[in-house]
Every structure is written in structure tokens, then in C-alpha cells.
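Thanks for coming. I will go through one model today, starting with a term and then moving from the overall fold to single residues.

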Amino acid sequence: MNNSAKKNAAQTASNLTFKISPVAGLTVSWETRLLNDVLYVELPAGILPEGSKESLVTLLEYAEEKLKCKHVVCCLNKNRPDRVSLLRVFNFFGFQILPPGHQLVVSPCQDLLYMAYTIERDSELDESDSDEEADGKTKRQRSSSSESTDGGSCSDC
């Protein structure tokens, strides 16, 4: 990779904080890092707050539709007491555990477990989705998301 390509690759990393309100009066925050076409989501320590499952769906939709991501990678501490239930929940959503040397694991850490959700693209569906949205129709309800430049990443080990 030449210096120009390295510089462009470095410029595509952004920290984003998503604040999603799945129901009135409840806000769930997700700290993420967008690197090229992959959104990395770091699960906060402790029990996930109420509304996390609903807000995760919204986050996945946003990553697919607005950020045009190919993957969403979640990382969590292997020693979490709720690790087994989190693995079940993320597996239900379509996430798969990544092996330590996988290309999507950009900052390997022995204490972290990485799971990836692959977003499948179909060019015909993408075109029909944008046509429907142009007509004022949407396939899914969306909650509002906000972005900021603060946030964490899965690379903090």
C-alpha cells in the first residue's frame, strides 16, 4: 500500500455515538467506530439497559441503510458474567463469533470476544428500497440516531 492509500485508509475511521430512543423517555447509547465499511460496536460493561435489543435492531438498520456497511462487529469482554446470554442474543440476530486471526478483528485482544453481522447487499433490492422511500414509504420504522465524534472502540484493551 502506498503512502496515499495509507493516508486515505486512516481518514476513513470515525468514532460515533448512537443515542437511540426505542420508546419515549428511554435512550440507549452505543459507542462505535466506523472503519471503512465496517461498524465496530463495543458493548458497555455491566448489564445492558432496557431497550438494548430494540436499539440494536435500529443500529443495524442504520449501518445497512445510511452508512452502507458490509459488516457490524461487536466486541465484548470474555469474562462478563452475562456472556452466555449475550452470545445467544447476538446469535439470534445473526452474529457469528470470529476466530482470533479473522480479518475483521483489527485489534486482537485476548480478553475480548468478537462477533460479526454480515450485511448482504442485493442491487435490485437497494434500488427498490430507495424508490419506496422516495414515494414516502418505508419498510421498517426507524428511531432517530445522533452521531458525535466521541466514542470508544474495540481496540481499547
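One definition before anything else: buried means under 20% relative accessible area, exposed means over 50%, and partly exposed is what lies in between, with a 1.4 Å probe and protein chains only. By that scale N36, at 46% relative accessibility, counts as partly exposed. I will come back to N36 with the hairpins.

Now the ground rules. This is a predicted model, so local features need pLDDT of at least 70 and side-chain atom pairs count only at pLDDT 80 or more, while totals for chains, interfaces and linings use all residues. Residues are numbered from 1 along each chain as its sequence is written, and side-chain values use heavy atoms, with hydrogens and water left out.

Confidence next. pLDDT is the predictor's confidence in each residue, from 0 to 100. The mean for the protein is 77, and 70% of its residues reach 70 or more. Where is confidence lowest, and where is it highest? The low end is helix α1 (residues 3-11), with a mean of 46, and the high end is strand β5 (residues 96-97), at 96. Two stretches stay under 50. One is residues 1-8, for which the model has one contact beyond four places in sequence; a contact here means heavy atoms within 4.5 Å. The other is residues 130-152, with 46 contacts beyond four places in sequence. Where pLDDT is low, the predicted coordinates should not be read in detail.

On to the fold. There are four helices and six strands. These are DSSP runs numbered from the N terminus, helices being H or I of at least four residues and strands being E of at least two. Along the sequence the pattern reads α-β-β-β-α-β-α-β-β-α. The six strands form an open sheet with mixed pairing, in the order β1-β2-β3-β4-β6-β5. β1 and β5 are the edge strands, each pairing on one side only. Two strands are taken to pair if DSSP finds at least two bridges between them.

Two hairpins deserve a look. In the hairpin of β1 and β2, strand β1 (residues 13-23) pairs with β2 in the antiparallel sense over nine bridges. A13 has L35 in β2 as its bridge partner, and V23 stands opposite L26 in β2. Two residues sit between these strands, and G25 takes a positive phi near 85° in that hairpin.

The next hairpin joins β2 to β3, again antiparallel, through five bridges. Here R33 has Y40 in β3 as its bridge partner. This hairpin also has two residues between the strands, and N36 takes a positive phi near 60°. N36 is found in the loop between β2 and β3, and its positive phi occurs in a residue other than glycine. K68 is another non-glycine with a positive phi, of about 55°; K68 lies in the loop between α2 and β4.

Now the side chains. How many salt bridges are there? The rule asks for a side-chain nitrogen of Lys or Arg within 4 Å of a carboxyl oxygen of Asp or Glu, and the count comes to two. K70 and D37 form one of them, at 3.5 Å from N to O. That pair links distant parts of the chain: K70 is in the loop between α2 (52-65) and β4 (71-77), D37 is in the loop between β2 (26-35) and β3 (38-42), and the two are 33 residues apart. K70 is partly exposed at a relative accessible area of 47%, and D37 is partly exposed at 26%. R80 and D82 also meet in a salt bridge, at 2.8 Å from N to O, and both of these residues are buried.

As for cysteines, C69 is buried with a relative accessible area of 0%, and C74 is likewise buried at 0% relative accessibility. A search of the whole structure finds zero disulfides, a disulfide being a pair of cysteine sulfur atoms within 2.5 Å.

Last, the overall numbers. Buried residues make up 32% of the 157 in the protein. Of the contacts between residues at least 6 apart in sequence, 66% join residues at least 24 apart. The accessible surface comes to about 9,700 Å², and 48% of it belongs to carbon and sulfur atoms; these areas come from the Shrake-Rupley method with a 1.4 Å probe, and for residues only the protein chains shown count as cover.
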